[in-house]
Amino acid sequence: MKMKWMLSLLFVLLLAACGGNADSGSDTENTEPAEETAEDTAEDTYAEAEPVEELPVVEGYPQTNPEPGENEPVATIKTNYGDITVKFFPEQAPLAVENFLTHAEEGYYDGVIFHRVIEDFMIQGGDPEGTGAGGESIFGEPFEDEFSPELVHIRGALSMANSGPATNGSQFFIVQNQTMTEDLVAQMESAGFPEELIAMYQERGGTPYLDNRHTVFGQVIKGMNIVDNIAAVETGSDDRPVEEVVIESIEVQE
């Protein structure tokens, strides 16, 4: 039987989730002082977080339930574009969840930017250097991947960025893609994806070619409109936003 994850070969250029050099800058023209421009930008872009679209809960896939379960922690990523609330899955991805929440509680992500943004794909952050080449885990070394058939890269999935197997550090991304093309669905069918999973991707959108390549450990339950707004920003070289998209803080709910 063909391995379902053969789809990833078709998207090799998109899968350099931790690669790339820092953006060298933008040639955009400023007509006002930098401080005033930043204030105007914040006023124009900040939005209130909206609940995620109500879709049927699919048995066996906890991401599809917008309500956090008893053992599913919740945190709010506060950005200069608005708030993104995420629930986490420590039963399926204990290392990734511990890593993210510990970093969040210690302020590691405060002031860190989303350095790589690709509309109809994902938004990526978590590198304190802001280059896409930095960051580290709380364990002092890269940690292993945690793949679960229950957690997949549907729209709104929070997943670990990496540069290959077992290279997880601090960087993460949120899947933003909303639609599935007929060609991609046909490839999923040919690769042996379960029918219920194909149907879920068709209904919700996502990036199935990242399954079993990156560790999914959370799901956006409020503020996908903020993710969409961030994904739509103007970008320069290396898909870096021209105007910085900043994680101001992450509040972990007790």
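The following paragraphs lead through a helix, the nonpolar cores and the main pocket of this predicted model.

Helix 2 is a convenient starting point. This helix covers residues 94-105, twelve in number, and spans 16 Å between its first and last C-alpha, close to the 16 Å expected at 1.5 Å a residue. Its buried residues are Ala96, Val97, Asn99, Phe100, Leu101, His103 and Ala104. In an α-helix, residues three or four places apart point the same way, because each turn takes 3.6 residues. The buried residues of helix 2 pack against six strands: strand 1 (74-79), strand 2 (82-88), strand 6 (157-160), strand 7 (172-175), strand 8 (216-222) and strand 9 (246-252). Just beyond the helix, glycine 107 adopts a positive phi of about 80 degrees.

From here the path leads to the nonpolar interior. The largest nonpolar core comprises 33 residues, and Ile84, Phe88, Phe100 and Phe217 have the most contacts inside it. Two or more residues of this core come from each of strand 1, strand 2, helix 2, strand 6, strand 7, strand 8, helix 5 and strand 9. A second, separate core has 25 residues, among them Leu151, Met180, Ala191 and Ile198. Beyond its neighbours within four places in sequence, phenylalanine 88 is in contact with residues including Val97, Phe100 and Leu101, as well as Leu158 and Phe217.

The largest pocket remains to be described. Its volume is about 370 Å³. Val52, Glu53, Leu55, Arg155 and Met224 are the closest to its centre among the 21 lining residues. Helix 4 (195-204), strand 8 and helix 5 (224-231) each contribute at least two residues to the lining, which is made up of seven nonpolar, seven polar and seven charged residues.

How values were computed. Residues are numbered from 1 along each chain as its sequence is written. This is a predicted model: local features need pLDDT of at least 70, side-chain atom pairs count only at pLDDT 80 or more; totals for chains, interfaces and linings use all residues. Side-chain values use heavy atoms; hydrogens and water are left out. Helices (H or I, at least four residues) and strands (E, at least two) are DSSP runs, numbered from the N terminus. The expected span of a helix is 1.5 Å times one less than its number of residues. Buried means under 20% relative accessible area, exposed over 50%, partly exposed in between (1.4 Å probe, protein chains only). Contact means heavy atoms within 4.5 Å. On a 1 Å grid over the protein atoms alone, a cavity is a set of points where a 1.4 Å probe fits but cannot get out, and a pocket is an open set with protein on both sides within 12 Å along at least five of seven lines; lining residues have an atom within 4 Å of a point. Grid points are joined across faces, edges and corners, and a volume is the space filled by probe spheres set on the points. Ala, Val, Leu, Ile, Met, Phe, Trp, Tyr, Cys and Pro count as nonpolar, Asp, Glu, Lys and Arg as charged, and the others, Gly among them, as polar. A nonpolar core is a set of buried Ala, Val, Leu, Ile, Met, Phe, Trp, Tyr and Cys residues joined through side-chain atoms within 4.5 Å.
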